[in-house]
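Biologist: Could you take a close look at the interior of this one for me, the packed parts and the empty parts alike? I'd like one connected walk-through.

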Amino acid sequence: MAGRMVVGSAALAELVRPASAPDPAGGHRVLPVRAELTGLLPNRGLRRGSTVAIGAGQPRHSGATSLILALLAEASRAGSWCAVVGVPTFGAGAAAEAGIALDRLALVPHPGPEWPTVVAALIDGVDVVVTAVPTTVAASVATRLAARARQRGSVLVPYGRWDGADVTLQVVRGVWQGLGPGRGRLRRREVTVSARGRGAAARPKEIKVWLPGDELTRVIPRASGAGVPSVTAPARRLRVVAPAVGR
């Protein structure tokens with residue numbers, strides 16, 4: 001089943017109604033994330049009412065889409081509804097491969113000038129709302145949407161610059177592996193993900209993971225003596241990475 005494509009206010013209202021119904025994850029204040037990402041988040045998961053921004057980086061699509069997939073997958077598996085707004089390149093096929101339940105995924109690729117209204121409506125009924133941040137968004141609009149997420153218990157995930165987020169995650173470096181001299185296939189990508197924020201997330205953190213890798217993410221162990229040790233997942237057989245995921 002493909003993710004639900006939402007076009008028009010009527011379709012949006014029809015989606016929010018079932019999304020607002022109780023679900024297995026609905027009673028938990030912290031929605032789960034992959035074990036490899038828990039160390040980047042102050043509550044070791046997605047706390048309801050929080051704003052977790054994804055920095056776009058330079059270039060804009062360097063690993064951010066894969067990070068969004070990794071962030072949504074576990075909450076979706078646990079029963080949460082997710083929505084992605086304003087990211088027309090976000091693919092349902094890549095989402096399914098990442099483990100996101102497509103029957104609880106709403107896609108609004110082109111929200112148009114009513115972007116704040118669309119995001120606010122989804123916050124009212126969807127557990128995790130990912131949205132590309134328009135370049136012209138006013139600070140007052142961003143503040144109102146974050147406040148609405150706090151009131152409704154939704155997790156707001158802005159993709160792009162967003163001042164005042166509880167925590168901001170960003171892929172700061174990435175190296176593809178699998179290609180040899182004139183031959184080979186892209187198999188996995190070693191990325192460095194940084195986290196910075198306020199309050200419990202004020203201390204900057206950084207980890208290296210495979211995005212995507214087996215089970216989507218896997219922490220890469222640091223060399224001995226290179227600072228705080230990382231949690232290491234057991235090695236597993238690698239999968240071929242679909243090109244759409246590696247943006």
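Modeller: Sure. Let's call a residue buried when its relative accessible area is under 20%. On that count, 50% of the 247 residues in the protein are buried. Keep in mind that this is a predicted model.

As for the fold, the chain holds 5 helices and 12 strands. Take the contacts between residues at least 6 apart in sequence: 65% of them join residues at least 24 apart. On the outside, the accessible surface comes to about 11,800 Å², and carbon and sulfur atoms own 55% of that.

Now for the packed parts. In soluble globular proteins, nonpolar side chains tend to be buried together. Here the largest nonpolar core has 45 residues. Leu 46, Ile 54, Leu 71, Phe 90, Leu 105, Leu 169 and Val 193 are the ones touching the most other members. Helix H2, spanning residues 64-77, is the top contributor to this core and puts in 9 residues. Apart from that core sits another one, made of 22 residues, including Ala 53, Ala 83, Trp 115 and Ala 142.

Next, the empty parts. Rolling a probe the size of a water molecule over the atoms shows where empty space is left. The count comes to 2 cavities of 30 Å³ or more. The second largest cavity has a volume of about 30 Å³. Its lining brings together Leu 40, Leu 41 and Pro 42 with Val 167, Ala 195, Ala 200, Ala 201, Arg 203 and Lys 205. By class, that makes 7 nonpolar residues and 2 charged ones, with no polar residue in the lining.

Then there are the open spaces. The second largest pocket encloses about 290 Å³. It is lined by 14 residues, and the closest to its centre are Val 133, Pro 134, Val 137, Arg 161 and Trp 162. The lining of this pocket splits into 9 nonpolar, 2 polar and 3 charged residues.

For contrast with the interior, try Asp 103. This residue sits in the loop between helix H3 (92-98) and strand S6 (105-108). Is Asp 103 buried or exposed? Neither: its relative accessible area is 35%, so Asp 103 counts as partly exposed. Along the chain, Asp 103 and Ser 76 are 27 residues apart, while in space their C-alpha atoms are 9.8 Å apart.

Definitions and conventions:
Residues numbered from 1 in each chain as written. Predicted model: local features only at pLDDT ≥ 70, side-chain atom pairs only at ≥ 80, totals over all residues. Heavy atoms only, no water. Core = buried A, V, L, I, M, F, W, Y, C linked by side-chain atoms within 4.5 Å. Buried < 20%, exposed > 50% of the residue type's maximum accessible area, 1.4 Å probe, protein only. Helix = DSSP H or I, 4+ residues; strand = E, 2+ residues; numbered from the N terminus. 1 Å grid on protein atoms, 1.4 Å probe; cavity = no way out; pocket = protein on both sides within 12 Å on 5 of 7 lines; lining within 4 Å. Points joined across faces, edges and corners; volume = space filled by probe spheres on them. Nonpolar A, V, L, I, M, F, W, Y, C, P; charged D, E, K, R; others polar. Contact = heavy atoms within 4.5 Å. Areas by Shrake-Rupley, 256 points an atom, 1.4 Å probe, with all protein chains shown as cover.
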